[in-house]
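Biologist: Could you take one part of this model and walk me through it closely? I would like to hear about the loop residues with unusual backbone angles, and then how the parts around them are built.

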Amino acid sequence: MTSEIASSGPSQEPGSASAISIDHTYENVATTFPDGRVTTCVTCEINKNPAWWEKLAKGRAADVSFVLDQLTGSHPKWKGTRLIDPSRIAMAGHSAGGASTIPTMVNDSRVRAGIDLDGTTDAPIPSRRLSRPFLFLGKPSSYTPGSGEAAATWERDWKQLKG
């Protein structure tokens, strides 16, 4: 999986925040690369079961760790690396991106906090738990406790949070 990195224009002000967006090629209608190439959605027509979603979330977690390595590693690929405070990295995502936040945090301690916006979590938090701040934010019709499968994944994972 290839990721295109786009910065939202990091500020050079002390205490300011920056955001990096990761676009997952072949998972959306189209991705346009800087050289003009355009890729289309390969996953749009795939029959997606819980195992597929779990694999997707783990792949996305690996992508985030790769991007963090490239931005904060010993040989950073971005000239603005000095603007990143490695002790203040958080991740937020919507839908599959939100669900990918948990496996990212479980496997990469550099991500200090996370937010899942409307993402059913097929990749559960392991029994060792997650001890950093995490926010589930979803629409009441889908994520009210006891209201169905989507809510059940959050209920399961809520018990494993201790941050």
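Modeller: Gladly! Let us start with D118, which is found in the loop between strand 6 and strand 7 (134–137). Please keep in mind that this is a predicted model. The phi of D118 is near 60°, a positive value in a residue other than glycine. D118 counts as partly exposed because its relative accessibility is 24%, and the cut-off for buried is under 20%.

There is a second residue of this kind to set beside D118. Y26 is not a glycine, yet it has a positive phi of about 75°. Y26 sits in the loop between strand 2 (20–24) and strand 3 (30–32), and with a relative accessibility of 39% it counts as partly exposed.

Now back to the strand that comes before the D118 loop. Strand 6 (residues 111–117) pairs with strand 5 in the parallel sense, over 6 bridges. One contact to look up in your viewer is that of G93, whose bridge partner in strand 6 is D116. Strand 5 (residues 89–94) also shows a clear two-sided pattern: I89, M91 and G93 point to one face and are buried, whereas A90, A92 and H94 point to the other face and are not buried. In a regular strand, side chains alternate between the two faces of the sheet.

On the far side of the D118 loop is strand 7 (134–137), and here the aromatic residues come in. F134 and F136 belong to one aromatic cluster together with Y143 and W154. Within that group, Y143 and W154 form a stacked pair, 3.9 Å centre to centre with 15° between the planes. Y143 lies in helix 4 (residues 140–143) and W154 in helix 5 (residues 149–158), so their pair ties together parts that are 11 residues apart in sequence. Both Y143 and W154 are buried.

The whole structure has 4 aromatic pairs. Another of them is W52 with W53, an edge-to-face pair at 4.8 Å centre to centre and 90° between the planes. W53 is partly exposed, at a relative accessible area of 32%, while W52 is among the buried residues of helix 1. W52 has a further neighbour: the charged end of K48 sits over its ring, 5.5 Å from the centre. A similar arrangement to look at is R37, which lies over the face of F33 at 4.4 Å from the ring centre.

Helix 1 itself (residues 50–72) has 23 residues and spans 33 Å from its first C-alpha to its last, close to the 33 Å expected. Its N-terminal end is capped by N49, where a side-chain oxygen lies 3.1 Å from the backbone nitrogen of A51. Besides W52, the buried residues of this helix include L56, R60, D63, V67 and L71. An α-helix has 3.6 residues a turn, so residues three or four places apart point the same way.

Ahead of helix 1 in the numbering, C41 and C44 form a disulfide with sulfur atoms 1.9 Å apart, and the structure holds 1 disulfide. The torsion about its S-S bond is about 100°, so the disulfide is right-handed. C41 counts as buried at 18% relative accessibility, but C44 is partly exposed at 39%.

To place these pieces in the chain, there are 5 helices and 7 strands, and they follow the pattern β-β-β-β-α-β-α-α-β-β-α-α along the sequence. Buried residues make up 35% of the 163 residues.

How values were computed. Residues are numbered from 1 along each chain as its sequence is written. This is a predicted model: local features need pLDDT of at least 70, side-chain atom pairs count only at pLDDT 80 or more; totals for chains, interfaces and linings use all residues. Side-chain values use heavy atoms; hydrogens and water are left out. Helices (H or I, at least four residues) and strands (E, at least two) are DSSP runs, numbered from the N terminus. The expected span of a helix is 1.5 Å times one less than its number of residues. Buried means under 20% relative accessible area, exposed over 50%, partly exposed in between (1.4 Å probe, protein chains only). A polar contact is a pair of N or O atoms within 3.5 Å; within protein, one must be able to donate a hydrogen and the other to accept it, and residues adjacent in sequence count only if both atoms are side-chain atoms. Rings of Phe, Tyr and Trp (its six-membered ring) pair if their centres lie within 6.5 Å; planes under 30 degrees apart count as stacked, over 60 as edge-to-face and the rest as tilted. A charge sits over a ring if NZ of Lys or CZ of Arg is within 6 Å of the ring centre and within 35 degrees of the ring normal. Two strands pair if DSSP finds at least two bridges between them. A disulfide is a pair of cysteine sulfur atoms within 2.5 Å.
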